[in-house]
Amino acid sequence: MAYEVIARKYRPQRFADVVGQAHITETLARAIERDRVAHAYLFVGPRGTGKTTTARIFAKCLNCENGPTIDPCNTCNRCREITAGTSMDVLEIDGASNNSVDAVREIRENAKFGANNSRYKIYIIDEVHMLSTSAFNALLKTLEEPPPHVKSFFATTEPQKIPATIMSRCQRFDLRRILSRDIADRLRVICEAEDVNASMDALVAIARGSQGGMRDAQSALDQLIAFRGKDLAEEDVLSVFGLVSQRNLEDLAGAILSHDIRGLLNAIARFDETGKDLERVLIDLLEHLRNVLIQAYSPENELLQELTDSQLEVVRQQAARVDPARVSNLLDTLLEAESRLKYSLSKRTLLETSLIRAARAAQHVTLDEVLRQVQALKAGLPAESAAPEKKK
Ligand SMILES: [Zn+2]
């Protein structure tokens with residue numbers, strides 16, 4: 001059989017297989033069950049989170065020969081045509097390359113006629129924000145008076161570029177960045193099916209490298225298998241992405257929090273010499289320290305649920321060690337460095353000086369701490385000493 005890329009081969013074909021977007025797939029399923037499917041839907045979200053995949057499954061739900069159903073059969077002709085992208089009634093248009101008014105007019109002309117052999121004529125317009133103003137105006141006409149057999153599904157990464165008149169005629173669904181843990185779990189299933197041996201650390205590293213995008217993660221897995229064969233270790237993944245291991249990152253954060261300047265300089269030197277992406281190091285460090293801050297202020301926060309048990313353990317230890325106001329100050333220092341690092345000619349020097357400043361910020365007594373000490377002192381003083389303030 002011909003080689004097929006992983007992202008294609010394992011593209012979800014049912015709502016139940018879409019990872020991390022249950023809030024959307026469940027709502028769509030309910031609309032189908034209650035026969036309350038709207039004319040136009042807008043799927044918003046970062047790249048590779050499943051916008052067009054969801055739209056395509058939705059189209060299958062509506063047009064499946066056994067439907068409308070919340071669980072398309074994937075075996076009837078109509079389902080198979082939609083999967084293959086050859087259905088005459090489910091037309092996928094890339095807004096980036098067909099952004100002219102003519103393209104939309106063609107859709108409108110076309111939409112006047114009924115579906116060929118399906119229940120609905122469905123237009124899926126990807127990157128819809130790329131349409132020109134006149135194309136949007138033409139599209140608006142279709143949305144204002146939608147023929148009953150026409151459904152429009154739009155996908156976009158940049159909803160702010162879509163005119164309000166279009167937005168107000170769509171039901172909007174926001175897809176989330178997919179949790180690293182969920183991506184790693186999905187990759188594990190794929191690895192088992194493909195006979196690939198990969199440690200969970202390696203899969204979590206792939207998920208980290210692809211920043212919440214399932215498609216990017218699957219492409220990376222493809223690339224790694226091509227490059228390393230069927231045995232993947234965390235180290236392979238880290239070197240491909242230029243990432244630093246979670247352990248090294250946590251140690252670096254520890255060095256900052258405990259003002260270990262020598263330790264942090266050694267770490268940066270090592271990262272630089274082994275070709276790590278220093279911008280990425282800073283971003284990952286920021287994320288880790290943000291988790292430390294969240295742990296200090298709001299340990300039940302759902303953002304922390306994304307962490308593996310060993311990550312959470314380190315975050316807890318570090319949060320217990322330093323006053324949260326200090327962590328917040330040092331985060332400010334690092335955020336400022338992040339905005340400058342992109343344009344810096346010597347990233348290593350900027351990173352070194354910024355981390356030293358951050359380490360110093362971790363040592364500075366904050367106003368909160370001073371106030372707390374004053375309160376404590378006052379509480380410990382005899383009543384008459386505290387009296388004058390009460391009279392005021
Ligand atoms: Zn079917």
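Helices and strands here are DSSP runs, with at least four residues for a helix and at least two for a strand. On that basis, the protein chain has 19 helices and seven strands. Keep in mind that this is a predicted model.

Now the overall form. The radius of gyration of the protein chain is 27 Å. The globule rule gives 21 Å for 392 residues, so the chain is more spread out than a compact globule. The C-alpha trace spans about 85 × 65 × 40 Å along its principal axes.

Next, the domains. The assignment for the protein chain gives three entries: domain 1 is 6–174, domain 2 is 180–241, and domain 3 is 246–368. Let's take domain 2 and domain 3 as a pair. How far apart do their C-alpha centres lie? The answer is 25 Å for domain 2 and domain 3. They also touch: nine residues of domain 2 are in contact with nine residues of domain 3.

On to contacts within the chain. Take those with a separation of 6 or more. Of these, 75% join residues 24 or more positions apart.

What about burial? Buried residues come to 47% of the 392 in the protein chain. The accessible surface of the chain is about 20,400 Å². Carbon and sulfur atoms hold 49% of that surface.

Last, charge. How many positive and negative side chains does the protein chain have? There are 52 positive and 55 negative ones. The centres of those two sets lie 4 Å apart.

Note on methods:
Residues are numbered from 1 along each chain as its sequence is written. This is a predicted model: local features need pLDDT of at least 70, side-chain atom pairs count only at pLDDT 80 or more; totals for chains, interfaces and linings use all residues. Side-chain values use heavy atoms; hydrogens and water are left out. The radius of gyration is taken over C-alpha atoms; the globule rule is 2.2 Å times the number of residues to the power 0.38. Buried means under 20% relative accessible area, exposed over 50%, partly exposed in between (1.4 Å probe, protein chains only). Contact means heavy atoms within 4.5 Å. Accessible areas come from the Shrake-Rupley method with a 1.4 Å probe; for residues, only the protein chains shown count as cover. Lys and Arg count as positive and Asp and Glu as negative; His and the chain ends are not counted. The place of a charge is taken as NZ of Lys, CZ of Arg, CG of Asp or CD of Glu. Domain bounds come from an automatic or database domain assignment.
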